[in-house]
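User: I am new to this structure and would like a close look at a single part, the place where two chains meet. Please take me through it in one connected account.

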Amino acid sequence: MQFQQLELIKLKHPSLSSSIDSLASYISSEIDEGRTRIVPALASTFMKRSEAEVTALLMVFEDAGLIDHEFDIVCTAKNSVLLSVPDLSKFDDLLPIQCRLCDSEHDPEGLRVELVFEVKSGQDFKQHAA
Amino acid sequence: MPPKPRKLPQSFYEKFREMLDAAEKCTDPDLKKLILEAASRYYQADISLGLSAKDDRGIDRIMAMADSPTPTAPNGSPLTPTSTFYRFLEQALTLGTRGISKSALPRFIGFLVYAALIGLLTSSLLLNLGPQVTASAIVLLMLAGVMSIVLLLEIPKKVRPVIFEIILLLVVICFLGVSTYAVVKLLNVKPVLQHEVSDKAAPITKVEPPDLEARQWKTTIRADGFPAFEGQVKFGADQNFEAQGQFLVPTEALNERIECPAGLKGGWSYGSADHFVLRFQMHLTMFSDAGISKDQYLQCSSSLKPLASRVFSKACIFRSAVGCSASGLDIHLSPL
């Protein structure tokens with residue numbers, strides 16, 4: 001079913017077909033390396049496309065049910081992920097966020113939010129994208 | 001009750017803008033639509049009131065961009081050069097606080113604008129450029145400050161951005177106009193009548209210079225190194241002149257002068273085609289004891305003898321129909 005959705009999108013947007021294949025290939029290689037978190041910035045480097053374009057393509061994969069998005073809340077000082085949340089609607093309630101590395105509490109000024117995607121099932125993905 | 005605005009890290013807002021910029025540049029309509037959709041889903045939707053101009057149709061509007069042949073900004077207005085200009089100014093005027101890019105150029109330009117306005121205000125006061133320049137500088141400086149505050153409060157995103165852009169444009173135009181006026185005034189540039197003279201250039205008004213050869217003139221000449229001269233002068237067609245009259249030689253008594261009968265000779269020529277510049281050369285030809293006492297003559301002699309060999313040469317500009325002046329030379333003429 002998921003595979004069909006992805007194929008439908010490729011049929012709907014034939015100009016994106018090669019990009020979708022390229023991204024699928026990247027995600028497969030990440031899974032092979034044991035990584036299931038897809039960072040758009042890293043994928044864009046691999047694909048030699050802009051981060052915005054890759055984010056858009058990842059959204060297509062999410063619509064196909066292959067991946068889910070979440071937001072990493074990162075300490076800018078130590079560059080470490082403090083939290084991952086599915087949406088930011090309750091971001092205010094999370095503040096201030098305790099950072100063990102800095103041994104302090106961070107307000108939005110000391111934080112960065114990064115969009116990442118999590119592969120739902122590496123096995124399924126490889127089957128669908130193969 | 002409206003939802004409480006959330007304050008997310010600044011980088012999140014920047015990412016949203018990067019997405020929109022990328023969509024703007026994207027030539028593939030399918031991909032462009034997907035980028036806008038992704039921007040809306042992952043960034044704008046979660047930013048809620050925190051980003052920009054989220055009126056009731058906020059998300060609908062951004063989605064409408066994808067179908068529109070004209071790219072639009074997050075606030076729904078067309079992404080025209082004016083919008084780019086607005087965003088650039090936003091970063092400039094807020095000195096980078098409202099960042100649209102990591103470039104330091106807008107911040108630098110903003111700094112220059114503030115420095116120029118303060119410089120304009122200071123120079124208008126110090127150099128006495130006139131109340132108009134001072135008032136304009138104060139008004140513009142205040143406007144720039146108010147706009148900066150307005151931008152920081154994100155008010156333009158809640159009202160009509162186009163109106164704000166127009167106001168910004170007008171402020172910039174006014175600033176450039178006042179600056180140009182101040183610079184022109186500082187340089188004393190008169191485009192209509194500018195004459196190149198060897199001496200310090202001075203502003204002149206649009207008057208007719210006198211026709212020197214037309215008649216005899218009653219004259220007063222004040223020249224460096226000479227006592228003041230009063231008398232009659234005739235400018236000849238051969239570009240020589242002769243003057244008869246008296247030098248007013250100062251005495252030791254305050255405000256007292258001895259009138260020493262004397263004559264002047266010299267040459268003259270126009271230094272410009274429109275006869276505004278007079279090249280003037282003179283020397284003392286004689287002085288006499290006619291009509292003065294012996295004591296007075298002795299005083300005249302002691303003052304004027306050293307001048308007998310001196311030749312005075314200078315160019316001056318006619319500021320009026322009867323007056324020509326330069327640094328160290330002032331000639332006043334009145335018809336006889």
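**The contact between chain B and chain A**

Analyst: A good place to start is a single pair of residues: in this predicted model, B:Lys15 forms a salt bridge with A:Glu51, and the closest N and O atoms of the two lie 3.0 Å apart. That pair belongs to a count of 3 salt bridges between chain B and chain A, and the two chains also have 5 residue pairs in polar contact, with both residues of each pair at pLDDT 80 or more.

Turning to the side of chain B that touches chain A, the elements that give two or more residues to it are helix H1 (10–25) and helix H2 (29–47) of chain B. Of these, H2(B) supplies the largest share, namely 10 residues. By character, the residues on this side of chain B divide into 12 nonpolar, 9 charged and 1 polar.

Seen as a whole, the contact draws 22 residues from chain B and 29 residues from chain A, and the area buried between the two chains comes to about 2200 Å², with carbon and sulfur atoms giving 65% of that area.

For another view of chain B, one may look at B:Met142, which lies in helix H6 (residues 131–152) of that chain. B:Met142 counts as exposed because its relative accessible area is 55%, which is over the 50% cut-off for that term. The C-alpha atom of B:Met142 is separated by 9.7 Å from that of B:Leu117, a residue 25 residues apart from B:Met142 along the chain.

How values were computed:
Residues numbered from 1 in each chain as written. Chains lettered and ligands numbered in written order. Predicted model: local features only at pLDDT ≥ 70, side-chain atom pairs only at ≥ 80, totals over all residues. Heavy atoms only, no water. Contact = heavy atoms within 4.5 Å. Buried area = accessible area lost by both parts, 1.4 Å probe. Salt bridge = Lys/Arg side-chain N within 4 Å of Asp/Glu carboxyl O. Polar contact = N/O pair within 3.5 Å; in protein donor to acceptor, adjacent residues only side chain to side chain. Helix = DSSP H or I, 4+ residues; strand = E, 2+ residues; numbered from the N terminus. Nonpolar A, V, L, I, M, F, W, Y, C, P; charged D, E, K, R; others polar. Buried < 20%, exposed > 50% of the residue type's maximum accessible area, 1.4 Å probe, protein only.
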